[in-house]
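Q: Please take a close look at one part of this structure. Start from a contact that leads into that part, then show how the part sits among the rest.

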Amino acid sequence: MNNTRVYKMSFAGVYPHYILKAEKKGRTKDELDEIIFWLTGYNKQSLQQIIDNKIDFETFFAQAPQINPNASKITGVICGYRVEEIEDPLMQKIRYLDKLVDELAKGKTMDKILRK
C-alpha cells in the first residue's frame, strides 16, 4: 500500500475537517485539541505553528514532542483496518488520531478517549 499521499497531506488542511466532525456532534475544538495534545505532546502554541506552517503529517508526527505511551491502548477499526495491526508506524499514528476523533464524535467521554 502506498501511503505517500497521506503522509504529504498538510495537517492544516485536515484539521478543519476534524473540527467540523467534532462540532457537528456537539463536541468542541478545545476537546479536539486536548486529544491532539494527549496523543502527540504538542501544546496550543506548537500546534498553531504546525497549522501556520502547513506542516505535513509525516513531519507532524516526526516532530511530535512525545507520542503518548498509552497510544498502544487505542484499538478498533478505522477505514477498514484494525489500528493495532497496522505495521507502518507512521500510518498507525495517523490512524490513532483518526480513531480518537471518531470516538470524540461518537460521544465517548474524554476519560475513555484519553485512556484514563
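A: **Into helix α6**

K21 is partly exposed, because its relative accessibility of 36% lies between the 20% and 50% cut-offs. The model is a predicted one. K21 forms a salt bridge with D102, and their closest N and O atoms are 2.2 Å apart. K21 belongs to helix α2 and D102 to helix α6, so this pair links distant parts of the chain, 81 residues apart. D102 is buried, because its relative accessibility of 15% falls under the 20% cut-off. The bridge therefore joins a partly exposed lysine to a buried aspartate. That leads to α6, the part to look at closely.

Start with the helix as a unit. Helix α6 covers residues 89-105. α6 has 17 residues. From its first C-alpha to its last, α6 reaches 24 Å, close to the 24 Å expected at 1.5 Å a residue. Is α6 enclosed or open? Of its 17 residues, 15 are buried, so α6 is largely enclosed by the rest of the structure.

Now the two ends. At the start of α6, a side-chain oxygen of D88 comes to within 2.9 Å of the backbone nitrogen of L90. Just after α6, G107 takes a positive phi of about 90°.

Next, two residues along the way. Q92 lies in α6. Q92 is buried, because its relative accessible area of 16% is under the 20% cut-off. With neighbours within four places in sequence left aside, Q92 is in contact with V83, E84 and I86.

E103 also lies in α6. E103 is buried, with a relative accessible area of 5%. What does E103 touch? Residues up to four places away in sequence are not counted here; beyond them, E103 touches K108, I113 and R115. Two of these partners return in a network: E103, K108 and R115 are linked by salt bridges. The third partner, I113, is 10 residues from E103 in sequence, and their C-alpha atoms are 6.5 Å apart in space.

**The core around α6**

What does α6 give to the nonpolar core? The largest nonpolar core has 38 residues, and F11, L39, F57, F60 and L97 touch the most other members. Two or more residues come from each of α2, α3, α4 (44-52), α5, α6 and α7 (110-113). α6 gives the most, with 8 residues. A general tendency fits this picture. In soluble globular proteins, nonpolar side chains tend to be buried together.

F60 shows the packing from another side. With neighbours within four places in sequence left aside, F60 is in contact with F11, I36, T40, Y42, L47, I50, I55 and L97. Two of those contacts, F11 and L97, are also on the list of residues that touch the most other core members.

Helix α3 also gives residues to the core. α3 has 12 residues and reaches 16 Å from its first C-alpha to its last, close to the 16 Å expected at 1.5 Å a residue. Its buried residues are E31, L32, D33, I35, I36, W38, L39 and T40. α6 is one of the elements that cover them; the cover also includes α2, α4, α5 and α7. Just after α3, G41 takes a positive phi of about 90°. E31 has a charged partner too. R27 forms a salt bridge with E31, with the closest N and O atoms 3.1 Å apart. Both R27 and E31 are buried.

**Back to the whole**

How many salt bridges does a search of the whole structure find? The search finds 8. One of them joins the side chains of K8 and E58, at 2.9 Å from N to O. K8 lies in the loop between α1 (4-7) and α2 (11-24), while E58 lies in helix α5 (residues 57-62), so the pair ties together parts that are 50 residues apart in sequence. E58 is partly exposed, at 31% relative accessibility.

A last point is confidence. The protein chain averages a pLDDT of 94, and 98% of the residues score at least 70. Confidence is lowest in α1, at a mean of 84, and highest in helix α3 (residues 29-40), at 98.

To sum up α6: the helix is largely enclosed, gives the most residues to the largest nonpolar core and carries D102, the partner of K21 in α2.

Notes: Residues numbered from 1 in each chain as written. Predicted model: local features only at pLDDT ≥ 70, side-chain atom pairs only at ≥ 80, totals over all residues. Heavy atoms only, no water. Helix = DSSP H or I, 4+ residues; strand = E, 2+ residues; numbered from the N terminus. Buried < 20%, exposed > 50% of the residue type's maximum accessible area, 1.4 Å probe, protein only. Contact = heavy atoms within 4.5 Å. Salt bridge = Lys/Arg side-chain N within 4 Å of Asp/Glu carboxyl O. Expected span 1.5 Å × (residues − 1). Polar contact = N/O pair within 3.5 Å; in protein donor to acceptor, adjacent residues only side chain to side chain. pLDDT = per-residue confidence, 0-100. Core = buried A, V, L, I, M, F, W, Y, C linked by side-chain atoms within 4.5 Å.
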